[in-house]
Amino acid sequence: MSAPAVELARPNLAAKRLRVGLIGEYPVAEDRIQEGGVQSVTYALAHALARRPDIECHIVSAMSDTTTDYRQVGALHVHYVRRMRLPRLVSLRLHDVPALRSVIRCLKPDVVHGQAQDRHALAALNSGLPTVITPHGVLFIESRMLKRSPTDVVGGFKQYLVNSMEREVFARARDMIIISRYLPQVYGPMLRARTHFIDNPIGQEFFQIERAPEAGRLLFVGTVVPRKRVPDLVKALGRVLQICERAGRSPAWREPLQLRIAGPLLDPGTEAQVRSAITSAGLERRVVFLGPISQSQLLDEYARAQL
């Protein structure tokens with residue numbers, strides 16, 4: 001091979017963009033509130049990476065309600081795998097992990113970043129490519145809520161499957177991004193990977209909110225599921241009002257006091273508990289279910305909330 005040919009065949013490393021495969025839950029609509037913290041993290045991180053001229057970012061996500069397998073949002077590439085209409089713990093290994101792994105291998109990213117200790121992390125680890133995992137939550141603690149009583153066999157089996165999945169992710173991961181100094185304490189010897197402490201990403205728009213708080217306006221943002229303890233929040237609100245009434249006090253915030261719940265109602269049992277707590281405390285006119293709202297609506301809610 002002549003010298004000029006060698007020069008032409010040499011890759012232009014300065015112009016090469018790093019191809020990142022971000023594997024995790026991603027909303028099926030850009031203007032809808034993210035259904036959970038993992039989606040929020042994936043959304044914020046993906047868009048921040050896609051804005052960089054030296055990075056080509058691809059999302060690979062398994063979602064049940066997607067209507068497409070690919071879309072492009074600006075410079076961001078979003079690839080979807082449709083989940084099977086089966087319980088998540090059943091479809092996880094039968095379909096989701098193999099399908100996700102197949103997409104990842106077709107994309108051939110330079111680095112794979114798996115979000116959470118679920119199907120996405122397992123698919124990232126199974127890809128055979130350089131991988132880092134970011135665990136979210138502490139599943140072996142959260143999974144205790146799956147077993148509702150000592151005789152709950154089904155709940156106990158679900159708890160076992162969730163804990164086994166988390167242990168497998170921790171056993172196989174060589175590198176982990178740790179978002180809290182609390183996690184090494186709670187996981188202890190289970191955390192054997194090289195650790196890299198990086199805070200969760202937050203979109204710049206949340207730092208640019210012009211605050212205009214309204215008296216007595218309280219805001220809860222998140223999915224209404226057992227571990228969020230929303231029924232306790234409603235009960236606390238009722239108790240505060242009771243204390244004011246017994247003491248004969250009527251502070252300025254009491255009359256306009258309102259709790260606004262922004263986020264999807266994903267667990268029927270928890271929703272029933274919240275509505276029961278509202279009725280028991282007589283808070284029907286003080287608690288508002290906003291449901292899934294757009295990002296612009298969310299920013300407005302943050303701006304106007306007092307707490």
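Start with the whole protein chain in cartoon view: you should find 10 helices and 11 strands, where helices (H or I, at least four residues) and strands (E, at least two) are DSSP runs numbered from the N terminus. This is a predicted model, where local features need pLDDT of at least 70, side-chain atom pairs count only at pLDDT 80 or more, and totals for chains, interfaces and linings use all residues. Residues are numbered from 1 along each chain as its sequence is written, and side-chain values use heavy atoms, with hydrogens and water left out.

Zoom out for a moment. Along its principal axes, the C-alpha trace spans about 95 × 50 × 40 Å. Of the 307 residues, 43% count as buried; buried means under 20% relative accessible area, exposed over 50%, and partly exposed in between (1.4 Å probe, protein chains only).

Next, select helix 3 (residues 88-107) and helix 6 (residues 153-172). Their axes come within 10 Å and cross at roughly 40°; axes here are lines fitted to C-alpha atoms, for helices over the stretch in contact, and angles run from 0 to 180 degrees between N-to-C directions. The two helices are therefore oblique to each other (under 35 degrees counts as roughly parallel, over 145 as roughly antiparallel, 65 to 115 as roughly perpendicular, and the rest as oblique). Show side chains: Leu89, Leu92 and Arg93 of helix 3 make the contact with Lys158, Leu161, Val162, Met165 and Glu168 of helix 6. Contact means heavy atoms within 4.5 Å.

Now jump to helix 10 (residues 295-304) and pick out Gln295, Leu298, Glu301 and Ala303, which are buried. To see what covers them, add helix 2 (37-50), strand 9 (217-221), strand 10 (258-262) and strand 11 (287-291), which are included in that cover.

Three single residues are left to click on.

- Lysine 16 sits in the loop between helix 1 (3-9) and strand 1 (18-23). Lysine 16 is exposed, with a relative accessible area of 52%. Draw a C-alpha to C-alpha distance to glutamate 56: the two are 40 residues apart in sequence and 9.7 Å apart in space.
- Lysine 108 is in the loop between helix 3 and strand 5 (111-115). Lysine 108 isn't a glycine, yet has a positive phi of about 50°. With a relative accessible area of 63%, lysine 108 is exposed.
- Alanine 116 is in the loop between strand 5 and helix 4 (119-126). Alanine 116 has a positive phi too, about 80°, although it is not a glycine. Buried or exposed, this alanine 116? Buried, with a relative accessible area of 7%.
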